[in-house]
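Subject: Structure for you to look at

Hello,

Here is the structure I said I would pass on. My notes on it follow below the entry.

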Amino acid sequence: MNTPEKHSRRNFLQHSLLGTLGLSIASTAEVTAQPAAQSADPEITQEIDVLVVGGGTAGHIAAIQAARAGAKTLLIERGAQLGGTMTTGGVAYPGLFDAWGKQVIAGIGWELVKESVELDSGSLPDFSKVPQRHFHNQVFINQFLYAILAEEKCEKAGVQIAYYEFPQAVTKTEHGWQVDCIGFGTKRRVLCKQLIDCTGGAEVVGLLGLPRLREDERQPGSFLYMMGKAHEPGRNQIHRLYVHGADSTNSRTVTAANLTGRKSILAELRKKGQRLMHLQPETGFRESYRIQGETLITVNDYRTGKKFDDAICYAFYPIDLHTKNGIKPEPLKPGIIPTVPLRALIPKGSRNIIVAGRSVSSDRLANSGLRVQSSCMGMGQAAGAAAALAVKSNTTPLEVPLKEIHDLLRTHGAIIPGDV
Ligand SMILES: Cc1cc2nc3c(=O)[nH]c(=O)nc-3n(C[C@H](O)[C@H](O)[C@H](O)COP(=O)(O)OP(=O)(O)OC[C@H]3O[C@@H](n4cnc5c(N)ncnc54)[C@H](O)[C@@H]3O)c2cc1C
């Protein structure tokens, strides 16, 4: 008689037998990692053109653009993969690439988003239609696939990636910067001409002692997970737990946010008696330090769609401030498309350093709209272009003629304000 017990005993025996034959894992593929030259040396020094710190939403795009423009580029990321909040945070629905019936943000970020959706047999929104609600035109991406494709694009462009490392000290040199980075088993001294800070919290700017802005009360972070039903990447949104007080300042505050978030998910699981089907490895942070740039984007600039003289990309999203009482997005008025000026990426009074991503110089309300992924990608690409051109002409990003930056960006598919 085939009782369930007998079935499971037979399965167990089969697995054990296959195990001894080395066949127990259903699909085992094999590859061999190619170690880098001198990979056993604990200390290395390298000379490059552009160092990008932070391989998240803005950072990997900045690195690809800089490398495509011919700069010898190194990307340092303290985590284990590219994509930052999009992938490790699990916020895998980038938006918004369109406004009022047309695409307004494109370039390298869009290239990657589109390729990942196509490879995943997903679907892209129809940008010729103005959606009823802004989030209808966010793109669902498969976070796992996106992170791998981003690595492939970096490799093709010639970007060197260094995971598990972060800068400890940054000093000015005659030709740029000396950046001392640390990873486990690795001390890396980088001599570079241009620095791009894409850490999401302007951490390099902070190391340099340049001014940063931050509110006493920040928007809540969120832990993303799925309970009770399976998560199908690239197809559905996942559950979010608000982590109030989440602070991305340092390893201790991030640890506190992670512990609090996971503990609460465990409590929910016990209460509901459901299975935990998906859990991101860390908290996603909505708000952190912003730079005080050569200019600051105000909420009035954002609301009125100010066309800055030195605009390098568009941004488009409602003003979207999360508070203890939830959110009440304030949509932009019909026809309004805000822009991001190059000067908002340059820390005030600095040379040879540029910032991209959510730490763009802006007031809190403007930042609540600017921080979304499409604009972070647009800023990342512009920062990569400006840094690479600055290397070529031995100057600083702000002194590169704007037309050169625009031309390079257009060559790589970007849309410059005024183009559409
Ligand atoms: C819960 C939540 C929901 C959101 N919803 C949406 C949405 O629906 N649509 C949307 O488009 N946007 C959304 N956003 C906003 C958006 O995801 C982020 O603002 C954006 O991804 C930030 O991009 P970034 O490049 O500035 O930072 P990140 O993507 O966070 O990248 C920063 C990277 O830098 C690395 N790093 C940090 N410090 C160092 C260091 N010292 N050395 C080396 N590496 C370092 C980090 O590990 C990370 O990989 C949401 C954000 C959150 C948290």
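A term first: a residue is called buried here if 20 or more other C-beta atoms lie within 10 Å of its own. Please also keep in mind that this is a predicted model.

Domains

The domain assignment splits the protein into domain 1 (43-214 + 289-319 + 340-411) and domain 2 (221-279). Their centres, taken over C-alpha atoms, are separated by 26 Å. Twelve residues from domain 1 and seven residues from domain 2 make up the contact. On the side of domain 1 that touches domain 2, five residues are nonpolar, six are polar and one is charged.

The parallel sheet and helix α2

One open sheet has five strands, in the order β6-β3-β2-β10-β20, with parallel pairing. The edges are taken by β6 (160-163) and β20 (353-355); each has a single partner strand, so one side of each is left without a neighbour in the sheet. From one strand to the next, the twist averages 20°. Within this sheet, β2 and β3 are joined in the parallel sense over four bridges, and Val52 stands opposite Leu75 in β3. Helix α2 packs on the sheet, where it touches β2, β3 and β10. The direction of α2 makes about 170° with that of β3.

How much of α2 (residues 59-68) is buried? Ten of its ten residues are, so the helix is mostly covered by the cut-off given above. The buried residues are Gly59, His60, Ile61, Ala62, Ala63, Ile64, Gln65, Ala66, Ala67 and Arg68. Both Gln65 and Arg68 are thus on the buried list, along with the alanines and isoleucines. The elements that the buried residues of α2 pack against are β2 (50-53), β3 (73-77), α3 (107-119), α4 (143-157), β10 (194-197) and α9 (373-392). Just after α2 comes Gly70, which takes a positive phi of about 100°.

The antiparallel sheet and helix α6

A second open sheet is formed by three strands in the order β13-β12-β14, and here the pairing is antiparallel. β13 (239-243) and β14 (276-279) stand at the edges with a single partner strand each, so one side of each has no neighbour in the sheet. The twist in this sheet averages 35° from one strand to the next. Five bridges join β12 to β13; Tyr225 has His239 in β13 as its bridge partner. Helix α6 (residues 251-272) packs on this sheet and touches β12, β13 and β14. The direction of α6 makes about 30° with that of β12.

The ligand

Which residues are closest to the ligand? They are Gly54, Gly56, Gly84, Gly284 and Gly357, out of 37 residues that surround it. The shell divides into twelve nonpolar, 18 polar and seven charged residues. β3, β12 (221-227) and α9 each supply at least two residues of the shell. Why does the ligand lie between domain 1 and domain 2? Both domains give residues to the shell around the ligand, so the ligand lies between them.

Two of these elements come up more than once. β3 pairs with β2 and also supplies residues to the shell around the ligand. α9 is among the elements that the buried residues of α2 pack against, and α9 likewise supplies residues to the shell.

Regards

Conventions. Residues numbered from 1 in each chain as written. Predicted model: local features only at pLDDT ≥ 70, side-chain atom pairs only at ≥ 80, totals over all residues. Buried ≥ 20, exposed ≤ 12 C-beta atoms within 10 Å, placed from the backbone. Contact = placed C-beta atoms within 7 Å. Near = placed C-beta within 6 Å. Nonpolar A, V, L, I, M, F, W, Y, C, P; charged D, E, K, R; others polar. Domains from an automatic or database assignment. Pairing = 2+ DSSP bridges. Axes fitted to C-alpha atoms, helices over the stretch in contact; angles between N-to-C directions.
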